[in-house]
Amino acid sequence: MSDSGFGARRPPVGGGGLALFGAARRVRAFGGQFLLLGVLALVAALLVTGLPRTADRLAEQGLREHVTSRPAAERDLTLATAETPAVGGGGAGQPVTAMRGQELDTLQAGLPEAVREAVESRWYLAETAFSRLTGPDLAGKNYFVVARLRAAPGVAGAATLSEGRWPAEAVGAGQPVEVALAAETARKLNLRAGSRLRSSGAGGTKPLPLLVVGVFEPVRATDGIWNTLPSALRVTEPAGDAEPYEMVALTSDAGLDAAIATGTPARFSWRYRLGNMDVADLRAVIDGVRLLERTPPAGLSVTQAVDIPLRQFLDAVSAARTLLAVIAAGMFATVAGLIVLAARLAARRREAEFALLVARGGTPTSGARRSLAESALVVVPAAALGWLLGRLLPGSGGGTDWLVLLAAALATLALPLATLGGSALPGGRRDLSGRRAGGRRLTLELLVVALAVLATVLIRRRGLTPGAADPLLASVPVLLAVAAAVLALRLYPWPLRLLGRVAARTRGSVAFLGVAGASRSAVTGPVVVVVVAVATAAFCAVVAGGIQTGRDRTATAAVPASALVDGERLAPDTGAALQRLPGVRRSTPVLRESALRITDERGADAGLAAVSVLLVDGPGLADTARDAGLDVSVPPVLRAGRSPGPVPALVSPGLAAELARAGLDGTALVSVQGRAHPFRVADTADDFPLVPADVDRFVVLPWQALPEAGPTGPVPTAFLVSGDGFDVEALRQAGDEGQRRYQTGGSFVAAERPRGAEVTTWQGAREQLGGGGANGLLVFGFAAGAAGGAAFGLLAIAFAVLAGARARGQVLSRLRTLGLSRRQWRGLLLVELTPLVAAALLTGALTGALLPLLLTPVLGLAAFTGGEPVRVAFSPGLVGAVLAAGALALALAVTVETVNNRRMRLGEVLRLGEGS
C-alpha cells in the first residue's frame, strides 16, 4: 500500500523511485484529466512563446513592405553641393569627378550610427548645369534643347546598349566629349550614335563639342540608379512654344571633368537608400536623419523625407502591438482560467481518495504533495513541448523564456492548490447558488469590481506610453470582464426565480425541473472564463469593424466618388470627355487651391493666416457620390443656387471665429485663380471631403452659386467621376489631354510645365489604407483573438457542463426509472443550461462591445485609418455571432453531457449513489 500513499509504514530504501512509479501509475489511471491539463499547459507555453515571435515576424515583414512601397524620395538620403563652378577647374592632374566620388565612403562613415547601418545601397552623381545644345540633327527638326552632362558610376551595369558603345574613360586633347543617350531620348530628338553636338553654356563659358557614341535601354527602369531628377531615361517636354526640351546625357568622369574645365557650373551628390533596418532601429534612424538635417556636413545640403514614412510605420506598429497586448492578455487570462478549472475538476473527482488518505494517517497536505508529483510529471514536459513548438515559429523571442517558466510553474501548482482548496466534504452539495455568500467572497468580489473601475479611470486619465508595454492597459479588459462576470452572477438568480414561478404553473416536469436545476447551478469559475473569452472575441470583432469603417470614411474623404482625376488646370470640357469613356456615368468639376489670403470688401488684406479654398458643384458632388454608392453628406448651403450678394460658404470653425472677430463673417473676399469671390459664413464644419485632414483653415464655395460660373468662370483642377469597369489609364489620358487643351488654348501661359494628371480610385485609396505596413500584425491579432476567444469560450462551457455532470447523472438515473424519455432528458438539459450559457455569452459580448468605447481613446487606432478617429458603433453582425455561438455552445453541451453519461453508466450511478 505504500506506493499509493495509504498506511503509516515508511517507504523502504529507494522509496523515491517507488513514489515516482506510483505517481506515474496514478497519472495513467486518471489519464483523461491529466491529458487535458497537459494540453492546456502546452497551449499556454505555445502562446507565450509563439505570439511574440509571430508578432515580431509580421512587424518586420510589414516594415519591409512599407519601405519598399514608398517612392524613392521617401527612401533616400541625399547629400549634395551647390551648383557652382568647381574649384580648381578640373584641369590636368585634378580629376574632380573621381575625387569627389571617393567621398561616398567618407560621408557614409560620418553619418549617425543607426543611419549608417541602415544604408542598403548608395550612388554617386556628378552633373553640370543645363546648357544649350546645338547640332545638325537637332537643327533638322528645329529642336530647342538644353541638356545636363552626368557622370554616374554603375550605369553601365544597369543598362544594355542598343547602339554604339559607352563613353571612353579618357578624353584626348582637342577631342569631343563622348556621351550616351537613352533610347527614348535619342528617338524623340532625332539623335543616334555618331550625332555631333555642341554645348554652349551661359555666362561666357567655352563651347564644348559632344559626340553621341552610344544609345542604351535600362535593364530595369525602376532601378534606384535612375531615380534622379531630371531623369536620364526620358526627355522633359516643353511647356510652351518658347520653352526648350530638357534632357540628360551620360558621360565618363573624364568627360565631365572636361566640361568642368570650361567653367560650366557643376554639382555633386551622394545618395544613400535606407532599407537595412529592423523595427527596433526605427526610432534611432528617425532621430539620426533629423539630426543630420539640422546639422549637415560643411558645404553640403541634406535632402530627405525618410523620417515621415518611418514615423508613420512606427506609430502604426506601436498601436498594433498595444492592441495585440490587450488581446493576448485576454487569451492568457482565459487559458489560465481553463487550467484552474481543469485542476479543480480533477481535484473534485478525487476528493474521496484524498479524504481516505487523511483518514489513514496522512497529513492534510498529503494529497497536495501527491498532486504536485503527478502534475510535475505531466505539466512540465507539456510546457517544454509547447516552448519547443513555439521556438519553431520564425521571428524573435523577445525574451519571453522567463514567462514560459512562470506559466509552467503556475500550471504545475494549479492541481495541488486545487487539492488544498477543496473544502467541501466528499459528496457535499455545491449546487446551491441561492445560499448566502460569505463575507470573504463578497469582499473579494467588491475588490475585483473596484479594481476594474479604478484601472479604467487611471488608464483614461494618464493615457498610453508610446512604444512601451503597458501592463495596466493590458489588465483593464481582463479586470472589466471579470467584474462583469461577478455582477452577472449576482444578478443571475433573480430572473431565474421569476422563471421558476412561471415554470411551476406549466404542465409537465421538464420546464420546472430544468429551471430548478439552472437555479441551483453554481459554476462561478466557468462563467468567469466564458465571459473573459467571449469579451476578448467581441472586442476584436468590434474594433476590427470600427477600423474598417474608419478606413472607408478616410477613403471617401480623399475620393468622394469612384475616381478622382487630378491635375493643375484642366479644360472645362474635360468633364464631358470623361463621361464619354466606357464605364463612366457621371463627372463633376473640382477646384482646389491653398495658401490664399482673405481680404475685406475693399481688397485690403484682413491680416488672417492663409487658407485653403475648395470649389465644388454641390448637387453634382452629391449625385456623383450617390451614384458611386458612397455616403457623402453635402450641406444645404452648398446646394444653393445663385442669389444676390456674397456666396454662402462652408467654413472651418476656427476660421469662422476669426472672421467673426474681424467683422468679416458677413462679407469677405478670397481670390481664386486671380479673381476675387465675395462670400459669407453660412455654415461651419470640422472637415469636408477633398479637404486634407491636416488642414484646419478652409473655405468651401458652391461652384453653381458663383456669378462667374460657366465657360469664363473658374478652371477646374480636378474632376470626380462615378462608374464601374472604367479604364484608369484612359482616365489619365483624358486628364492629360484636358490639361494640354487648356495649355494650348491661349487663355493661360504656364510658368512651369504642368505635372501629368493623376488618377486615384476610391478602391485604390481604400486598399492603400488596408494593405502593407502594420496591417498584417493587426489582422493576426484580430484573427487570433476572435478564434482563440471563441474556442476557449466553448471549452469553458464544456467545463461548466462537466462540473455539474455527476449531480445531473444521479438525477437523470432516478428520472429515467420514473419514465423520463431521452427526448425529455435532452429538453431538460437544454432548459437547465440555456440560462447559464445565455448569461455568460451575453455578458461577455456586451463587455467586449463596451470595451472599445472605454479604451479606444488610448489605443491610438487612428494610425490604421489615416488619421480618422475610430468610432465604435453597434454591429448587427455581433448579435448574429452571439446567437450562433449560443446554438453551438448548447449543441456542444448536449454532446459533452451525452458522452459523459455513457462513460458514467447511469445504471451504476443509481445503484451506487454518491460514491460512484
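**Exercise 1. Find which residues of helix H20 are buried, and what they pack against.**

Step 1. Locate helix H20 at residues 618–627. Helices here are DSSP runs of H or I with at least four residues, strands are runs of E with at least two, and both are numbered from the N terminus.

Step 2. Apply the burial cut-offs: buried is under 20% relative accessible area, exposed is over 50%, and partly exposed lies in between, with a 1.4 Å probe and protein chains only. Gly618, Gly620, Leu621, Ala622, Thr624 and Ala625 of H20 are buried.

Step 3. Look for contacts, meaning heavy atoms within 4.5 Å. The buried residues of H20 pack against S13, strand S15 (611–616) and S20.

Step 4. Check what comes after the helix. Gly629 follows H20, and its phi is positive, near 80 degrees.

A note on the model. It is predicted, so local features need pLDDT of at least 70 and side-chain atom pairs count only at pLDDT 80 or more, while totals for chains, interfaces and linings use all residues. Residues are numbered from 1 along each chain as its sequence is written, and side-chain values use heavy atoms, with hydrogens and water left out.

**Exercise 2. Work out the strand order of the ten-stranded open sheet and its edges.**

Step 1. Read the order: S14-S17-S18-S16-S19-S15-S13-S20-S12-S21. Pairing in this sheet is mixed. Two strands pair if DSSP finds at least two bridges between them.

Step 2. Find the edges. Strand S14 (598–599) and strand S21 (758–761) each have a single partner strand, so one side of each has no neighbour in the sheet.

Step 3. Take one pair inside the sheet. Strand S16 (residues 647–651) and strand S18 (residues 675–684) run parallel and are joined by five bridges. Pro648 has Arg680 of S18 as its bridge partner.

Step 4. Add a helix. H22 (residues 728–743) lies across strand S12 (563–566), strand S13 (584–596), strand S20 (718–723) and S21. Its angle to S21 is about 140 degrees.

**Exercise 3. Decide whether Ser652 and Gly663 are buried or exposed.**

Step 1. Place Ser652 in the loop between S16 and helix H21 (653–661). Its relative accessibility is 1%, so Ser652 counts as buried.

Step 2. List its contacts. Leaving out residues up to four places away in sequence, Ser652 touches Ala685, Asp696, Arg697 and Phe698.

Step 3. Place Gly663 in the loop between H21 and strand S17 (668–672). Its relative accessible area is 54%, so Gly663 is exposed.

Step 4. Compare sequence and space. Gly663 and Asp600 are 63 residues apart in sequence, and 9.3 Å apart from C-alpha to C-alpha.

**Exercise 4. Describe the surroundings of strand S1.**

Step 1. Count the buried residues. In strand S1 (residues 76–80), five of the five are buried, so the strand is largely enclosed by the rest of the structure.

Step 2. Sort the directions. Asp76, Thr78 and Ala80 point one way, and Leu77 and Leu79 the other way.

Step 3. Name the partners. S1 pairs with strand S10 (residues 266–274) in the antiparallel sense over five bridges. Four bridges join S1 to strand S11 (residues 301–304), again antiparallel.

Step 4. Follow Leu77. This residue stands opposite Tyr272 in S10 and opposite Gln304 in S11.

**Exercise 5. Characterise how H18 packs with H15 and with H10.**

Step 1. Take H15 (residues 471–491) and H18 (residues 524–558). Their angle is about 135 degrees, and their axes are 9 Å apart. Axes are lines fitted to C-alpha atoms, for helices over the stretch in contact, and angles run from 0 to 180 degrees between N-to-C directions.

Step 2. Classify the angle. Under 35 degrees is roughly parallel, over 145 roughly antiparallel, 65 to 115 roughly perpendicular, and the rest oblique. H15 and H18 are therefore oblique.

Step 3. Inspect the contact. From H15 come Ala481, Val482, Ala485 and Leu489; residues from H18 include Thr524 and Val527.

Step 4. Turn to H10 (residues 307–349). H10 and H18 pack at about 160 degrees, with axes 9 Å apart. They are therefore roughly antiparallel.
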